[in-house]
Amino acid sequence: MRALVSEPLESLSSQATTARGDGNSTTDADDAIALELEDVTKQYVTTTAVDDVSIQVRDGEFFTFVGPSGCGKTTTLRLIAGFEGPTAGAIRFHGEDVTGVPPEDRDIGVVFQNYALFPHMSVAENVAYGLNFVSPPGGVSKDQRVADLLELVDLEGMGDRDPDQLSGGQQQRVAIARALAPGPDILLLDEPMSALDAQLRERLRMQVKAIQQELGITTVYVTHDQEEALAISDRGAVMREGAPEQIAPPERIYRQPSTRFVAEFVGDNNVFEGVITDIERLASAHDSRGSDTTHLTIDVGEGTFDVETSLEPGMAAPTEGSMATVCVRPEHLSRTASANQFTARVESAEFLGETTRVHLQWQDQEILLRTNDPLSGAVTVGFDPEAAHLIDWQ
Amino acid sequence: MPETGPTPGPATGADTGDDQASRKRGPRRVRDRLERRAIALAAVGTTIILLVMFYYPVATVFVESIVVDGALTLAIFLELLRDPFYFGDLARLFAGESPLAVGADLLSSDRRLGIVGFTAYQAFLSMLLSLALGIPLAYLLARYEFPGRRTIRSLTILPFVVPSIMVAVGFVATFGENGTLNGVLRFLGLPTVSLMFSLEAILIAHAFYNAPLVARVTTAAWESVDASAIETARSLGASPLRAFRDVVAPQLYPAVLMGGALTFVFTFGTFPIVLALGGIQLATVEVFVYQLVQDLNYAEAAALAIVELVISLGVLYGYLRYEAKHTVRSRGARPLPRKPLRPPALTGRELLPRAGLAVYGVIALFVFVSPVASLIYRSIVDPGAGFTLAHYQFLIDRQATGAAFQVQPWPAIRNSLVFAAAALAISLPMGIAVSVLTTRRYRGRKLIDVVAMAPLAVSGIIVGIGLLRGPVFGFEIGTYRITMTGTIAIIAAHAVACYPFVVRTVAPGLESIDRSLLESARALGASRTRALLDVELPLVWPGVVAGAAFALAISMGEFSSTIILATGTDQYTMPVAIERFIGRRLGPATAMGVVLLVITSVSFVVIDRLGGESFGL
């Protein structure tokens, strides 16, 4: 792949370097809201696909909706695109209400899972189609614009081909070029990688991210693949039953899931529930964001766990006797950890290559463990108090 | 664009925000606005045409049957239902006699069927014959590979474009007293047969029409059977016959039933074939409606037509209910491999089905090929006299010297072409608009579908009477009287009859287009109409052209409403001219029939070349 970032195309990326510069431009520009959903609801006859969603996407941000099928992520994208109208609520682009505006007047680029290339047009005609309705940005000719975009997606000289002469990955890159050609405000991608095989998916993922950064275009991405969501996003919303469970950058979603659903949907996780028997605020110990760290002792039935956790902003301090939900990632469970030890029975193991995922049984609960050692029978594992995260308490 | 200083809009190069705003949202021109509303305008136009040229005229006919001297009454219906002339022994049931006595009489040999009973009886027999001739053809086309298979498959579309009056002439030429069948029999020294004005002739003619339809829908269903479903059944221990019964047959029933139901409805409303082949003693409901109209007895004609419509719609409704419950569709399946027609081994198992198909081939030749061959043959050969062009000469002479009141060939050809072109110009946009509206998903879509497809179910005679008694006679708006010329009425009747066929060819294509293609175009800045013109129509173009060819052929062959509207005027078309000739001279009728055959064949070739396969029936 051509190094897109280190060798930017003059006509395509000048805006990226002027407006966003080296990433330290004015706070005004960085904080501008490109897209806002306010109390958006979409109801169908029997179901509520999107349930009172409010989200703000910043200018130039790569924002991802991730969740299982039927969680409303694709409907949300279709509402943003204007293919469907919300039952209630407002959608704004740069503060301007576009709720009733038809898709052709919204300044958007859309890329679908199945590429949706016009089969009766050549690659170049596909890319040029949107330029029938606006003049090419930057004052270049239509042909030049098409050539620039094909170069951007590494398909120089392929303009005369028919879409069905291209591989799936190439077709999807044509679709991306076509969506970008008119210079849209917002790029919307609906599961664009799902039809591709795993290797290609990872390569195209990097390419999409590089193009997005080069152009600085506000991008909304929909995927059911949590790994993809973590890898590509600046920020994301984990959706469930039509509403976001958590809206945060990928690291936070992974390390500090705000609900049990997020903890279990994003990556493997072990979730424990138990009664808080002791609380100790470690006022002196601050985590990187400066919030207080709290030491909890939790009774989980066959033993107690010591957990050191920082409280989510807005979460009230836990009280003794209440139920706490904590999670520990499988990679943080080990047989050498001295704290929080418990003994579980090995049920099965899956060899994944670099590690093996072992399924353990403990107290009617399945425990996941990552290891490289062959295990069988009963094993004693433990985890450091800092490795656990307090999801919630009540 | 918001006023956030330097526009962070992506990929705009040296553009400033203001430039971009003007680039994107320039003032909308009038043409632009018109274009955005084009589909809505076409829909409104379609609605108006349907209301004025179909629903209003048909309603006036129906009103006439329930309003007598300004009072609402069902007397005409009750009289009709109790009249043994129409309902035979069933009429006694409606008159209040005991069902047991009526039932016993119906089972006895001297039962009376009445006109309606006879119509249903012949429709039922026609359906059985069509199924008997159609299903073997489907088996041949779906399961065997042989040269010419594709051609035969596309020929099954022929009945839709062949004018029924032409089929009638072909049958007279084949089965008439001096027809080719008797000619062959005489040549072989066998006794001649008299099939004219017999039920058999009508049934064979109906089978000629409808067996290919049965074959068509059944073949399509058979081809969509997934081979792996049968392989699964076989691997689980089912014999080939058992696998057929359990896996294939259930997927064929709905198609066979659809073919049967449509055949029943079509033959129940049959008109030109019975008019030409049946004579008055074998008249069906539709012929009687025509007769009553000729006698100016509109109220009874309308009442009878309503009875006919109710029965037809009842059958269709029953079928649709069944279809909704039983449709099995395995899309994108791996189809069954076709067997070669030449037996790979001389075993009974290989030879038996092929021998059956050979017998079928002879019968099919007789039913499907001989009428058309006879039509051409009789137009150039006179029994006893040998080869002659006298019949064509007659057409030319009639044109040159015929009196004004006589039916002349050229006006018939010219009228047919003009009406067909005008009907096409109207029905194509109507059909496309309705296709767009009925392929979108929204509540009430089914209702619109039914309302828009109603012209398929209402007989042409009713539409003809309605247009004659309604718009042609005139509306009164205030003190103004608006009348419509016969020409406009005929074109309207043709357009209304044609456009459902455009919908049937275009809508399935539109339905199968991935909606993300349309949405991509919209997101790239195309209006709904532009997306239709740029993306959807080019992709379903074969369907559009096929629909246009259908419309042309249907208009050219339309008989029922035209004969009502053209009676006593000089707006007669080719089918009407053939009907006029057929009563007096068979020769000129066959010559005229050949002219019509040539013109409709051109339509057929167009359909075949440009995607007859996409026809959605």
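Two residues are in contact when heavy atoms of theirs lie within 4.5 Å. The exercises below use this term for a predicted model.

**Exercise 1. Describe chain B as a whole: what share of its contacts joins residues at least 24 apart in sequence, and what share of its residues is buried?**

Step 1. Begin with the secondary structure, which in chain B comes to 30 helices and 8 strands.

Step 2. Take the contacts between residues at least 6 apart in sequence; in chain B, 74% of these join residues at least 24 apart.

Step 3. Turn to burial, for which the cut-off is a relative accessible area under 20%: of the 617 residues of chain B, 52% count as buried.

Step 4. Finish with the surface of chain B, whose accessible area is about 28200 Å², with 66% of it belonging to carbon and sulfur atoms.

**Exercise 2. Work out how helix 17 of chain B is placed, and which residues Thr284(B), in the loop before this helix, is in contact with.**

Step 1. Locate Thr284(B), which is found in the loop between helix 16 (272–277) and helix 17 (285–294) of chain B.

Step 2. Thr284(B) has a relative accessibility of 0% and therefore counts as buried.

Step 3. When neighbours within four places in sequence are left aside, Thr284(B) is in contact with Ile115(B), Phe118(B), Thr119(B), Gln122(B), Thr270(B) and Val274(B).

Step 4. Move on into helix 17 of chain B, where the buried residues include Val285(B), Glu286(B), Phe288(B) and Tyr290(B). Because 8 of its 10 residues are buried, helix 17 of chain B is largely enclosed by the rest of the structure.

Step 5. Just after helix 17 of chain B comes Leu296(B), which takes a positive phi of about 65 degrees.

**Exercise 3. Establish whether Ser164(B) is buried or exposed, and which residues it is in contact with beyond its sequence neighbours.**

Step 1. Ser164(B) belongs to helix 11 (residues 164–175) of chain B, and with a relative accessibility of 16% Ser164(B) counts as buried.

Step 2. Beyond the neighbours within four places in sequence, Ser164(B) is in contact with Tyr209(B), Pro272(B) and Ile273(B).

Step 3. As for His206(B), it is 42 residues away from Ser164(B) in sequence, while the C-alpha atoms of the two are 9.6 Å apart in space.

**Exercise 4. Reconstruct the sheet of chain A with the strand order 17-16-15-18, and explain why strands 17 and 18 each have one side without a neighbour.**

Step 1. The sheet is open and consists of 4 strands of chain A, in the order 17-16-15-18 and with antiparallel pairing.

Step 2. Strand 17 (365–371) and strand 18 (378–381) of chain A stand at the edges with a single partner strand each, so one side of each has no neighbour in the sheet.

Step 3. On average, and with direction ignored, neighbouring strands of this sheet are turned by 45 degrees against each other.

Step 4. Strand 15 (residues 342–351) and strand 18 of chain A, which run antiparallel, are joined by 4 bridges. Arg345(A) has Ala378(A), in strand 18 of chain A, as its bridge partner.

**Exercise 5. Examine the positive phi of Tyr115(A) and of Glu241(A), and decide for each residue whether it is buried or exposed.**

Step 1. Most residues other than glycine have a negative phi.

Step 2. Tyr115(A), in the loop between strand 6 (108–111) and helix 4 (123–128) of chain A, has a positive phi of about 70 degrees. With a relative accessibility of 12%, Tyr115(A) counts as buried.

Step 3. Glu241(A), in the loop between strand 9 (235–240) and strand 10 (243–248) of chain A, has a positive phi near 50 degrees. Its relative accessible area of 61% means that Glu241(A) is exposed.

Conventions:
Residues numbered from 1 in each chain as written. Chains lettered and ligands numbered in written order. Predicted model: local features only at pLDDT ≥ 70, side-chain atom pairs only at ≥ 80, totals over all residues. Heavy atoms only, no water. Pairing = 2+ DSSP bridges. Helix = DSSP H or I, 4+ residues; strand = E, 2+ residues; numbered from the N terminus. Axes fitted to C-alpha atoms, helices over the stretch in contact; angles between N-to-C directions. Buried < 20%, exposed > 50% of the residue type's maximum accessible area, 1.4 Å probe, protein only. Areas by Shrake-Rupley, 256 points an atom, 1.4 Å probe, with all protein chains shown as cover.
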